Amino acid sequence: MPYLNITEVDSAVTSLATAYPATSALIDLPEPSVEGRICHALRIGSAPAGTKDCAVLIGGVHAREWGSCEILVHFAADLLEAYATGTGLGYGGTRFTSDQVRTIVDELELVVFPLVNPDGRRYSQTVEPMWRKNRNPANSGGDPARIGVDINRNYDFLFDFTQAFAPSAPVQVSADPASEVYQGPSPFSEPETRNVRRLLDSHPRTRWFVDVHSYSDDMLTNWGDDENQSQDEDQNFLNSVFDHRRGLGNGTYGEYFPKDDANDAVDLAQQFCEAVRGVAGRTYTPKSAFHLYPTCGTSDDYAYARHFADTTHTRGAILGFTVEWGDRAGGFHPSWREMERNILDVDAGLVQFCLTAI
Ligand SMILES: [Zn+2]
């Protein structure tokens with residue numbers, strides 16, 4: 001089986017909803033993509049919607065990271081099929097019992113959105129394999145080299161990076177439309193980003209958020225702007241006293257991560273990595289996103305930032321994670337044979353993540 005094209009990803013999602021009506025349902029995302037494509041997510045769970053804590057999993061954000069869609073489609077299909085047939089799941093040496101499968105589907109609500117950026121994936125699969133962004137021409141001035149926004153820099157987290165970060169911080173973001181990490185003109189300027197926000201808004205019991213990317217064999221936790229610290233709650237992204245000081249990782253600043261949440265995040269990331277290792281021995285590394293490189297406007301930090309920024313204090317905390325599957329040797333488009341191994345690795349990790357979360 002080769003990589004799925006965008007029609008096939010969407011039909012896989014809709015087919016699962018049709019095949020497993022007792023445990024899944026199709027979610028229509030409110031906004032079409034820039035090029036007018038309708039997007040779908042899949043809700044998984046045997047309990048009535050809204051009655052269990054929820055994990056939202058997204059993929060297909062960066063267009064060239066093809067396998068993320070397949071990882072999430074297989075994850076959903078595996079859980080739904082195993083639950084329906086009363087069987088367990090095996091991923092190489094990592095195995096889950098039928099009781100564990102049942103616990104996940106009965107005790108969690110899962111929202112799986114495998115293809116956030118259909119326009120970008122289509123362009124990557126048919127024209128320019130290394131394309132990363134969406135295909136929004138609005139800020140290009142008619143120059144094809146300036147098309148597109150990096151969806152994973154377009155969320156509302158320290159968006160004004162020239163103010164938030166130290167001038168010398170190597171933050172991976174740009175206000176130049178020609179850049180691969182162009183953030184867009186304003187937070188949530190892109191329909192693809194707004195669709196993800198809608199999933200979080202419409203599932204208020206969301207407690208975990210996972211964005212599936214490639215590549216570096218990592219499981220990243222919050223935060224991405226600087227080192228984490230749990231001692232000083234005044235050192236946080238909302239506090240302008242620390243503007244022009246973030247992103248150096250030298251102790252000048254540390255993003256506040258309350259200890260209980262930090263411990264939970266590390267435990268979830270470690271157990272994900274242990275399950276991956278059990279499949280065929282591959283080593284994924286749990287670490288905070290800053291240790292990949294400093295960022296702002298990313299989905300995982302936005303997800304966790306929401307409850308800190310909520311002045312009504314009604315939102316629960318959502319721990320944010322980014323999977324970076326695969327390694328440099330495989331690159332963004334590993335052979336399908338290699339991709340099948342990546343799917344086993346990451347899906348074992350995601351199933352364990354769900355079990356640990358409950
Ligand atoms: Zn990515």
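## The largest pocket

In this predicted model, the largest pocket has a volume of about 360 Å³. A set of 21 residues lines the largest pocket, and those closest to its centre are Arg 132, Ser 214, Leu 292, Tyr 293 and Glu 324. Two elements give two or more residues each to this lining: strand 7 (206–214) and strand 12 (319–325).

What kinds of residue line the largest pocket? By class, the lining splits into 6 nonpolar, 8 polar and 7 charged residues.

## The second largest pocket

Next up is the second largest pocket, with about 180 Å³ of space. Its lining is made of 13 residues, and closest to the centre sit Asp 156, Phe 237, Tyr 302, Ala 305 and Ala 309. Helix 6 (191–202) and helix 8 (299–309) each put at least two residues into the lining of the second largest pocket. Helix 8 has the largest share, at 4 residues.

The class count for the second largest pocket reads 8 nonpolar, no polar and 5 charged residues.

## The zinc site

Which residues hold the zinc ion? His 62 and His 213 each coordinate the zinc ion through ND1, while Glu 65 is listed twice through OE, and the distances run from 2.1 to 2.4 Å. Along the chain, the donors of the zinc ion are spaced as H-x2-E-x147-H.

The arrangement around the zinc ion counts as irregular because the 4 donor atoms subtend angles of 57 to 144°. For a tetrahedral call, all angles would have to lie between 85 and 135 degrees. As for the zinc ligands themselves, His 62 is buried at 4% relative accessibility, and Glu 65 is buried too, at 3%.

## Salt bridges across the chain

Side chains of opposite charge can pair when their charged atoms come close. Searching the whole structure turns up 17 salt bridges. One of them joins the side chains of Arg 43 and Glu 109, at 3.0 Å from N to O. Arg 43 is in strand 2 (residues 40–44) and Glu 109 is in strand 6 (residues 109–113), so this pair ties together parts that are 66 residues apart in sequence. Are these two partners buried or exposed? Arg 43 counts as buried, with 11% relative accessibility, and Glu 109 is buried with a relative accessible area of 3%.

Lys 52 and Glu 107 make another salt bridge, and here the closest N and O atoms are 3.1 Å apart. Lys 52 lies in the loop between strand 2 and strand 3 (54–59), with Glu 107 in helix 3 (residues 98–107), so the pair links parts that are 55 residues apart in sequence. Both ends of this bridge are partly exposed: Lys 52 has a relative accessible area of 23%, and Glu 107 has 37%.

## A buried pair and a network

Arg 246 and Asp 243 also meet through their side chains, in a salt bridge of 2.9 Å from N to O. How buried is Arg 246? Its relative accessibility is 0%, so Arg 246 counts as buried. Asp 243 is buried as well, with a relative accessible area of 15%, a value under the 20% cut-off for buried residues.

Finally, there's a group that goes beyond a simple pair: Arg 282, Glu 338, Arg 341 and Asp 345 are linked in a network of salt bridges.

Methods
Residues numbered from 1 in each chain as written. Predicted model: local features only at pLDDT ≥ 70, side-chain atom pairs only at ≥ 80, totals over all residues. Heavy atoms only, no water. Donors = N, O, S within 2.8 Å, 3.2 Å for Na, K, Ca; no water. Tetrahedral: all angles 85-135°; square planar, octahedral: opposite > 155°, others 65-115°. Buried < 20%, exposed > 50% of the residue type's maximum accessible area, 1.4 Å probe, protein only. 1 Å grid on protein atoms, 1.4 Å probe; cavity = no way out; pocket = protein on both sides within 12 Å on 5 of 7 lines; lining within 4 Å. Points joined across faces, edges and corners; volume = space filled by probe spheres on them. Nonpolar A, V, L, I, M, F, W, Y, C, P; charged D, E, K, R; others polar. Salt bridge = Lys/Arg side-chain N within 4 Å of Asp/Glu carboxyl O.
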